[in-house]
Amino acid sequence: MERASSLLFQGTHFNRKKFASDIAIFNKKKEAEEVDLVVSDEVEFNVPLMEEQETVGKSGKKRKRKGNKVHEVVEGFSVFKKSSVSEISKEASVDDEIAKKSVHEARKQIDQQIERDSIFRKKHGIHISGTNIPSPLQSFHELRSRYACKLYLLRNLLQRGFKDPTPIQRQAIPMLLSGRECFACAPTGSGKTLAFLCPILMMIKAGGKDCIQAIILCPTRELAAQTTRECKKLSKGKKFHVKLMTKELTRCGDFKKMPCDILISTPLRIEYAVKKRKLDLSSVKYLVLDESDKLFELGFVKQIDSIVKACSNPSIVRSLFSATMPDTVEELARSIMHDAVRIVVGNKNSASETIKQKLLFAGSEKGKLLALRQSFAESLNPPVLLFVQSKERAKELYKELAFEDINADVIHADLTQSERDDAVDNFRSGKTWVLIATDVVARGMDFKGVKCVVNYDFPESAAAYIHRIGRSGRAGRSGESITLYTEEDVPLLRNIANVMVSSGCEVPAWILKLPKLRKKKHRPTRDSISILPDEINE
Ligand SMILES: Nc1ncnc2c1ncn2[C@@H]1O[C@H](COP(=O)(O)OP(=O)(O)OP(=O)(O)O)[C@@H](O)[C@H]1O
């Protein structure tokens, strides 16, 4: 009590005896006011009541109070309040200290993690830009510890022989699992397909009722078919409905009754189904644009636009993947994506470093055929992929090689779907040693073990070059490419040479001094390939 009154009257000096009656009146007034305080402050500070009583205040409201004597209660409360405030503030400052320390500790740990992540990314050639980027995957097992990945998927990864994630998988998988939109650029054959399939399989429901939950768009039917096969292999053991949008499905599919979790297609077929057959894409949660720079080219961009609009789910996660990503595509992508993260593995727009690239001057069209013959005779080991600039030239070259009894086949857009499928299957299985192709198989096709890619006709752009030669040297294997050129190809020579230099290949110095080509593409008209006598050609 003494301590209480000394606290109560701290700083006041007056004669208590002389003013005793005033003090009594004053105390009565205070009693009522401070009872109010007890009630309100009890609530505020959560003061435990020793003995609860009810009293009626001036306002007539029932109030709770502690103790027998109001005065004591008031003093007690005041003391309690004052000491509580100081204790609380002491405690609070201790709490503050602890909080500050733990915030500091947490910050330190975050900083250390950021540092570790950045060292790890550097080691794997991963470059990122964006905010709040999740840590890269150290191993596939982390899919389970960090993201509760189901065992069937880990088992399937292991069965496919995938021991460790590739750099693009290390960063893109956690990104998509965190619901972030991204555009990813990584070399050909570096496992981009798994980088988008894996998170989709982890995030959507197998046999979900909502119908289509994920859409993967590819520029060619062959690539769509390949991705469908890959998705089915990865989802083995789970009842996912993985569908390839075939011509029949586009025209006659009953989309309302069709069970489909993941739909894989070229843009034209989906656009047709949306516009003419009322295919509903409003439940799509994941939209992947594989070979995205190709999909943003003139022939596709309108279809892509209408598909993106039809995928109206506001929480959709969209992602773009390719080995080449021009700045214009990045800008376009940024304008439609939310807070997208950019992931680049290695040098942007460069060829895989596992491919030994060669340039060979052939003088003329006839010189090209002679150079090819010589290469077959001396060093070319099958399987070999030969690229030409048009379907007409593919047919011409096929005739030449068939005449020489070379085990060759051809693939181009004039063939029926089943002829195209057969050409791909026979080349894959080793029945065909040499496949002559237009750019229809230049992107994304995973022909394991292609020893050499020959650019019989010079590619029309640096991007086309990167994708063509990328059919060899996949998944860390070594590969080879030979690019024949004539005088007509010189304008684009420097661009291709730059790609070669950036992936560590040597080129003659004079090529690098050639004037820069303003246009991105160059497609010269060429003389016919044939050197066969006319009567054989007829
Ligand atoms: N983690 C992994 N470990 C080993 N091999 C892998 C791994 N992930 C994927 N692969 C294999 O690597 C090969 C190339 O993968 P994928 O076709 O996805 O490459 P990509 O980056 O999409 O190439 P492109 O740019 O040509 O489309 C495939 O045969 C695939 O099975």
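A salt bridge, for my purposes, is a side-chain nitrogen of Lys or Arg within 4 Å of a carboxyl oxygen of Asp or Glu. I looked for these between domain 1 and domain 2 and got a count of three. One that I looked up joins the side chains of Asp293 and Arg443, at 2.9 Å from N to O.

Note to self: this is a predicted model, where local features need pLDDT of at least 70, side-chain atom pairs count only at pLDDT 80 or more, and totals for chains, interfaces and linings use all residues. Residues are numbered from 1 along each chain as its sequence is written, and side-chain values use heavy atoms, with hydrogens and water left out.

Next, the domains. Domain 1 covers 120-345 and domain 2 covers 355-513; such bounds come from an automatic or database domain assignment. I found their C-alpha centres 29 Å apart.

Then I checked who touches whom. With contact meaning heavy atoms within 4.5 Å, 14 residues of domain 1 meet 17 residues of domain 2.

How much area is buried between the two domains? I got about 1,400 Å², with carbon and sulfur atoms giving 45% of it. Buried area is the accessible area (1.4 Å probe) that two parts lose on being put together, summed over both. Thr188, Glu222 and Gln226 supply 40% of what domain 1 buries against domain 2, more than any other three residues.

Last entry: polar contacts, meaning pairs of N or O atoms within 3.5 Å (within protein, one must be able to donate a hydrogen and the other to accept it, and residues adjacent in sequence count only if both atoms are side-chain atoms). I noted 10 residue pairs across the interface, both residues at pLDDT 80 or more.
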